[in-house]
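Colleague: Could you take me through the terms you use for this model? I would like to hear the reasoning behind each one.

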Amino acid sequence: MTDQAMIDALANTPIPMDEDGPVFDEPWQAQAFAMTVQMHEAGYFEWAEWADIFGAEIEKATRQGRGCGNSDYYMCWLSAFEKLMNEKQFVSEPERNKRKQDWLDAHLHTPHGEPVMLKGRE
């Protein structure tokens, strides 16, 4: 996908945008967005694959009464990214679950206002 095609695709999504591009409420939203775009640009998946999975996540969230607002939108985005990475088998399920637990533990043991860091990756 060309840069212009990516811009055009983003222009047709409900992502909050300003003149500089997407606007994020939280750093994790920008990180999830950037990881997805970088993985696509590196050739790990086609944008149509991503759009199908993401669309299904938005549809599911909408049926459940979620999907409105940045936080819900990017939770769908992140869920779709995880599903796509799982489909492509980039990381095994046990490794992914361990990493998620590591991040949760790091988050729960980080003082408010401090950056969350994984042990051994400071």
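Modeller: Happily; we can talk about a helix pair and then some aromatic rings.
This is a predicted model, where local features need pLDDT of at least 70, side-chain atom pairs count only at pLDDT 80 or more, and totals for chains, interfaces and linings use all residues. Residues are numbered from 1 along each chain as its sequence is written, and side-chain values use heavy atoms, with hydrogens and water left out.

Colleague: Why is helix 3 called oblique to helix 4?

Modeller: Helix 3 (residues 47-63) and helix 4 (residues 70-87) pack at an angle of about 135 degrees, with axes 9 Å apart. Angles under 35 degrees count as roughly parallel, over 145 as roughly antiparallel and 65 to 115 as roughly perpendicular, with the rest oblique. Therefore helix 3 is oblique to helix 4.

Colleague: What makes tryptophan 50 and phenylalanine 54 a stacked pair?

Modeller: Rings of Phe, Tyr and Trp (its six-membered ring) pair if their centres lie within 6.5 Å, and planes under 30 degrees apart count as stacked, over 60 as edge-to-face and the rest as tilted. For tryptophan 50 and phenylalanine 54, the values are 5.2 Å centre to centre and 10 degrees between the planes, hence a stacked pair. These two residues are four apart in helix 3, so about one helical turn separates them.

Colleague: How do you know whether tryptophan 50 is buried or exposed?

Modeller: Buried means under 20% relative accessible area, exposed over 50%, and partly exposed in between (1.4 Å probe, protein chains only). Tryptophan 50 has 2% relative accessibility, so it counts as buried. Phenylalanine 54, at 10%, is buried too.

Methods:
Axes fitted to C-alpha atoms, helices over the stretch in contact; angles between N-to-C directions.
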